[in-house]
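Student: I would like to go through the labels used for this structure and ask what each one rests on.
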Amino acid sequence: MFVKNAWYNAGWDYMVTQGKTSLVARQLAGERVVLYRKPNGELVAMEDRCPHRQAALSLGAKEGDSIRCMYHGMKFGADGHCTEIPGQAQIPARACVRVHPVVERDNWIWVWMGDADKADPALIPFAVGYSDPAWRMKTSQMHVKANYRLEIANLADLSHLAWVHQKSLGGSDAETRARYTTIKPTITTGPRAIRTEYVIRAVPAPQFLRHLFPAEARFDLSFDITHTIPCTWVLHFKAFVADGASEGVPSGALVADTYTCQAVVPNDTDSVEYYFSWGSRADLEFPGLSDLLREVLDVAFLEDAHVLEAQHVRMREKPDHPMVAILHDAGPSRMLRLLDSLLAEEGGSKHAAADARATAEQAVV
Ligand code: FES
Ligand SMILES: [Fe+2]
């Protein structure tokens, strides 16, 4: 169901503070996790489940480096070991909580959900943080009631920009639609990620930028996307004044250079947390541009959620309903196959087999 030996995004660093009550509850790949900061600023990621009677430790209290369960008062160190049971001298060896490796990078919090000795920080995907002075990243988040596989499939097929996002990211004019649905990307596959690069030539500005330019202006739009299993999607998007060429690297004036970094994090099989940012390169920013980009994503991801939540309900109702494959399933099939290969590597569970079946149904004919 979920790849365990992977870094899962738990949100932005500012979400966990030194506040007395800053015990942040997350559900990552089906597991409950509580995050808190020690007085020296280091993060702790611990199972959000007291080993006594499964009370939520996120409802507990911070005491220095430790956390105390506020049901019967057991206290646990940052290493998960119980150090105190009020009214009882003897502490059972099994009185400890699982602690997960946790890393802060690019202003994001990453939690490793698998075997701790396999937690390799080199596997954390590239991203641009909001504190990077070279960029003006603005952050946001959203809760979506859909399985994360539907989100992965959505992000792996940008032809939906012409339909789902006709009022925001894409465009409803015939010219834009024709181009978004006939993209021929360059694809590079790695062990945990797929990179997709393409240029859309001589199109009107996307809807969200159109009011900034004359109606007749045409642009070459460059997309460089790295989609990493299980949950990260990073797009380097650039807009150039159309140079009139039909192929090659765009050579017109650069009018926008932006990064959007997105993490789709499965809580469980029925919902995801979506943490995302978008921003302009600092030297190409003009007042309000990066705020506009963030606002556009807030609107666009509601458009996605609207479609995906209804799709999720229907797939829950009829999980074995046959689905017709079309050309645009190529990207989603590729990403879901990669996910399924990692799931199979972790033990070939019956869930992985079921997931693989679902992917096969989406495979391109
Ligand atoms: S449930 Fe936590 S101390 Fe009893
Ligand atoms: Fe979308």
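Tutor: The questions below set values against definitions.

Student: What should be known about the model and its numbering?
Tutor: This is a predicted model, in which local features need pLDDT of at least 70, side-chain atom pairs count only at pLDDT 80 or more, and totals for chains, interfaces and linings use all residues. Residues are numbered from 1 along each chain as its sequence is written, while chains are lettered from A and ligands numbered from 1 in the order in which they are written.

Student: Why is the protein chain called as compact as a globular protein of its length?
Tutor: The secondary structure comes to six helices and 18 strands, where helices (H or I, at least four residues) and strands (E, at least two) are DSSP runs numbered from the N terminus. The radius of gyration, taken over C-alpha atoms, is 23 Å. The globule rule, 2.2 Å times the number of residues to the power 0.38, gives 21 Å for 365 residues; the two values are close, so the chain is called as compact as a globular protein of that length. Along its principal axes, the C-alpha trace spans about 80 × 50 × 30 Å.

Student: What makes Gln-141 partly exposed?
Tutor: A residue is buried if 20 or more other C-beta atoms, placed from the backbone, lie within 10 Å of its own, exposed if 12 or fewer, and partly exposed in between. Gln-141 has 16 such neighbours, so it counts as partly exposed. Gln-141 lies in strand E12 (residues 135–144).

Student: Which residues does Gln-141 touch, leaving out those up to four places away in sequence?
Tutor: They are Glu-273, Tyr-274 and Tyr-275, a contact being two C-beta atoms, placed from the backbone, within 7 Å. Between Gln-141 and Tyr-275 the C-alpha distance is 4.4 Å, although 134 residues separate them in sequence.

Student: What makes helix H1 mostly covered?
Tutor: In H1 (residues 148–155), eight of eight residues are buried, including Arg-149 and Glu-151. Strand E17 (residues 254–266) is also described as mostly covered, with ten of its 13 residues buried. Over the protein chain, 38% of the 365 residues count as buried.

Student: How do you know that E17 pairs with its partners?
Tutor: Two strands pair if DSSP finds at least two bridges between them. Nine bridges join strand E16 (residues 232–241) to E17, and E17 has nine with strand E18 (residues 272–281). Both pairings are antiparallel. Tyr-259 in E17 stands opposite His-236 and opposite Gly-279 in E18. E17 and E18 form a hairpin with five residues between them.

Student: What makes E1 and E10 edge strands?
Tutor: The order of the open, antiparallel sheet of three strands is E1-E11-E10. Strand E1 (7–12) and strand E10 (102–105) each pair on one side only. E1 is joined by four bridges to strand E11 (residues 108–112), with Tyr-8 partnered by Val-111.

Student: Where do the domains lie, and what does E1 add to their contact?
Tutor: An automatic or database assignment sets the bounds: domain 1 is 7–123 and domain 2 is 135–350. The contact takes ten residues from domain 1 and eleven residues from domain 2. On the domain 1 side, E1 gives the largest share, four residues. The C-alpha centres of the two domains lie 33 Å apart.
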